[in-house]
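Open the model in your viewer and show it as a cartoon. Keep the sequence panel beside it. We will go stop by stop, selecting as we go.

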Amino acid sequence: MAVVQRLVRAKSTTIRRFYSSSSSEIGAVSPSTASSYGRNVQWVFLGCPGVGKGTYASRLSKLLGVPHIATGDLVRDELSTKGPLSSQLSEIVNQGKLVSDHFIFDLLSKRLEAGEAKGELGFILDGFPRTIRQAEILEGVTNIDLVINLKLREEALLAKCLGRRTCRQCGGNYNVACIDIKADNENPAMYMPPLLPPSHCASKLIKRSDDTEEVVKERLRVYNEKSRPVEEFYRKRGKLLEFDLPGGISESWTKLLQLLNLDDHEDKRSAAA
Ligand SMILES: [Zn+2]
């Protein structure tokens, strides 16, 4: 039960902290709203492509014991399990068309209902909603109580995307970029160490053909146009928690846990006491 207690405490702390900056909306959602539905965490991760949403969402979901739901996985699962929508979906995907909001919401609603039936304590959505329209529909489907907006300076984001490498033999993901930006008047210094491969992968690294400066900048442009307004959507509702990534994964993970008032080592410590 330690996890649940920690969760409830973390949640109320987070929400309290988060609402204190917009007192006019304090009454809109109380910390007990989600738990009155028998759920503890109904969170969304937002952020530019390449910022590392998947990494942090996946770590948090493990820590909190809730599923990490990315819409790409929902589509792949439906296709691989030959679910009721899979024939229509495979037609859309095979024609190279975008999967419509309608489909995504069907899949998401089914996934959330199945999770609730299994007694899941909530979920973390990764990279969804992507548009205001999707955020509006999502409001009708479920109650989101916290939206974590991961942010990284554009120069670091670009370097990180251009540094991505995959091992063509084992599929391992690495990053050869060493980001070392000096402090200036507006920003603190930032250091993100490379994530180097073990020696047996080093000679087998490949770069994705779409990890070029041009493509990455285009993805950012699309994000700014379509998805940036989603941040404002949740900011107005007092649900947006901004998190500027301070550096590499280990430093950022520690700071993110502090911000959420979560402790990755609580069980170990109390066992040792
Ligand atoms: Zn390898």
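Select Asn261. This residue is partly exposed, because 15 other C-beta atoms lie within 10 Å, and a buried residue would need 20 or more. Keep in mind that you are looking at a predicted model. Asn261 sits in the loop between α11 (249–259) and α12 (266–272). Check its backbone: phi is positive, about 55 degrees, although Asn261 is not a glycine.

Now zoom out to the whole chain. Twelve helices and ten strands are there. Of the 273 residues, 27% are buried. Turn on contacts between residues at least 6 apart in sequence: 72% of these join residues at least 24 apart.

**Stop: strand β1**

Select residues 41–47, strand β1. How many of its seven residues are buried? Seven of the seven are, so β1 is largely enclosed by the rest of the structure. Show the side chains. In a regular strand they alternate between the two faces of the sheet. In β1, Val41, Trp43, Phe45 and Gly47 point one way. Gln42, Val44 and Leu46 point the other way.

Add the partners of β1. Strands of a sheet pair through backbone hydrogen bonds, either parallel or antiparallel. Strand β3, residues 122–126, pairs with β1 in the parallel sense over five bridges. Strand β4, residues 146–151, also pairs with β1 in the parallel sense, over five bridges. Use Trp43 as your marker. Opposite Trp43 in β3 stands Ile124. In β4, the bridge partner of Trp43 is Leu146.

**Stop: helix α4**

Select residues 71–80, helix α4. Color Thr71, Leu74, Val75 and Glu78: these are buried. Then look down the axis. The buried residues of α4 fall within an arc of 95 degrees, so they line one face of the helix. On the other side of α4, find Gly72 and Ser80, which are exposed.

What covers the buried residues of α4? The cover includes β2 (68–70), α5 (86–94) and α6 (101–117). Before leaving, select Lys82, just after α4. Lys82 takes a positive phi of about 55 degrees.

**Stop: helices α6 and α7**

Keep α6 on screen and add helix α7, residues 132–141. Their axes are 11 Å apart, and the helices pack at an angle of about 30 degrees. Angles under 35 degrees count as roughly parallel, and α6 and α7 are therefore roughly parallel to each other. Which hand does the crossing have? α6 passes α7 in a right-handed crossing.

Show side chains where the two helices meet. From α6, select Asp101, Phe105, Leu108 and Ser109. From α7, select Arg133, Gln134, Ile137 and Val141, which the α6 residues meet.

**Stop: a three-stranded sheet**

Finish with β5, β6 and β9. These three strands form an open sheet in the order β6-β5-β9, with antiparallel pairing. The edge strands are β6 (173–175) and β9 (205–206), and each pairs on one side only. Select β5, residues 164–167, and follow it to β9. Two bridges join these antiparallel strands. To land on a bridge, select Thr166 and its partner in β9, Ile206.

How values were computed: Residues numbered from 1 in each chain as written. Predicted model: local features only at pLDDT ≥ 70, side-chain atom pairs only at ≥ 80, totals over all residues. Pairing = 2+ DSSP bridges. Helix = DSSP H or I, 4+ residues; strand = E, 2+ residues; numbered from the N terminus. Buried ≥ 20, exposed ≤ 12 C-beta atoms within 10 Å, placed from the backbone. Arc of directions from axis to C-beta. Contact = placed C-beta atoms within 7 Å. Axes fitted to C-alpha atoms, helices over the stretch in contact; angles between N-to-C directions. Parallel < 35°, antiparallel > 145°, perpendicular 65-115°, else oblique. Left-handed = near helix turned anticlockwise from the far one by under 90°.
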